[in-house]
Amino acid sequence: MESSQLQLIDKVVHISRVAKVVKGGRRFSFSAIVVVGDGNGRIGYSLGKANEVPEAIRKGLESAKRTMIDIPISDGTIPHEILGRFGASSVALKPASPGTGVIAGGAVRAIMEAVGIHDILTKCIGSRNPHNVVKATIEGLRKLRSPERIARIRGRDMQEIVA
């Protein structure tokens, strides 16, 4: 294992017992939404499915490690406001001053702690379904752009963008 993989933060967001109806009755299995982050701007999520809970979590963790993306973080918060949408869920993310803490509910809080954001204000709008909330939050984080990247896109100096 690499040294970077040894320091990953993993969080189980939600575990569901699902049933498949077959001729002889119901077959139960489990699905687990898992979030993995390095606490320094990288985050991944996945859904693991199996007949046992620990196996579903393990599958989710392995898949989440492969789908990690980079998020721009400045001073323990995000660079600007953003609204992430997925399905009927929307998640509003706002930067906060140092010392505010993570103002977020279950699924969003797990993501923020795993990615390494310490100060942020969030609000879930619409559906509170954990699957859609996780996907909406990741979509919002994916759309974030750092001031350096915006300056490069516009062909301007960094000081012009920040001022």
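**Close-up views, from single residues to helices**

**Figure 1. Let us meet Ser31 and its neighbours.** Ser31 touches His14, Ile15, Ser16, Val18, Leu47, Gly48 and Lys49, not counting residues up to four places away in sequence; to touch, or be in contact, means having heavy atoms within 4.5 Å. This is a predicted model, in which local features need pLDDT of at least 70 and side-chain atom pairs count only at pLDDT 80 or more, while totals for chains, interfaces and linings use all residues. Residues are numbered from 1 along each chain as its sequence is written, and side-chain values use heavy atoms, with hydrogens and water left out. Ser31 sits in strand 2. Helices (H or I, at least four residues) and strands (E, at least two) are DSSP runs, numbered from the N terminus. Is Ser31 buried or exposed? Ser31 counts as buried, at 7% relative accessibility. Buried means under 20% relative accessible area, exposed means over 50%, and partly exposed lies in between (1.4 Å probe, protein chains only).

**Figure 2. Here is the open sheet and the order of its strands.** Four strands make up this open sheet, in the order 1-2-3-4, with antiparallel pairing. Two strands pair if DSSP finds at least two bridges between them. Strands of a sheet pair through backbone hydrogen bonds, either parallel or antiparallel. Which are the edge strands? They are strand 1 (9-22) and strand 4 (69-70), each of which pairs on one side only. Strand 1 and strand 2 are joined by 13 bridges in the antiparallel sense, and they form a hairpin with two residues between them. Across this pair, Val12 stands opposite Val34 in strand 2. Strand 3 (residues 42-50) is paired with strand 4 over two bridges, again antiparallel. Ile43 has Ile69 of strand 4 as its bridge partner.

**Figure 3. Ala50 is a good residue to look at in strand 3.** Ala50 is buried, with a relative accessible area of 10%. Which residues does Ala50 touch? Its contacts are Ser29, Phe30, Glu55, Ala56 and Lys59, not counting residues up to four places away in sequence. Try finding Val12 as well: the C-alpha atoms of Ala50 and Val12 are separated by 15 Å, and the two residues are 38 apart along the chain.

**Figure 4. A hairpin links strand 5 and strand 6.** Strand 5 (residues 82-86) pairs with strand 6 in the antiparallel sense over five bridges. Ile82 finds its bridge partner, Leu93, in strand 6. This hairpin has two residues between the strands, and Gly87 takes a positive phi near 60° there.

**Figure 5. Now we look at the largest nonpolar core.** A nonpolar core is a set of buried Ala, Val, Leu, Ile, Met, Phe, Trp, Tyr and Cys residues joined through side-chain atoms within 4.5 Å. In soluble globular proteins, nonpolar side chains tend to be buried together. How many residues are in the largest core? There are 28, and Ile43, Leu93, Met112 and Leu141 touch the most other members. Strand 2 (25-37), strand 6 (89-95), helix 3 (106-115), strand 8 (120-126) and helix 4 (130-143) each supply at least two residues of this core. The largest share, seven residues, comes from helix 3. Met112 touches Leu93, Val102, Ile117, Ile120, Thr137 and Leu141, again not counting residues up to four places away in sequence. A second, separate core has nine residues, including Leu8, Ala50, Leu61 and Ala64.

**Figure 6. Helix 3 and helix 4 meet in this view.** The axes of these two helices come within 9 Å and cross at roughly 40°. That makes helix 3 oblique to helix 4. Axes are lines fitted to C-alpha atoms, for helices over the stretch in contact, and angles run from 0 to 180 degrees between N-to-C directions. Angles under 35 degrees count as roughly parallel, over 145 as roughly antiparallel, 65 to 115 as roughly perpendicular, and the rest as oblique. The contact is made by Ala107, Val108, Ile111 and Met112 of helix 3 and by Val133, Val134, Thr137, Ile138 and Leu141 of helix 4. Thr137 counts as buried, at 0% relative accessibility. Seven of the ten residues of helix 3 are buried, so helix 3 is largely enclosed by the rest of the structure. Just after helix 3, Gly116 takes a positive phi of about 100°.
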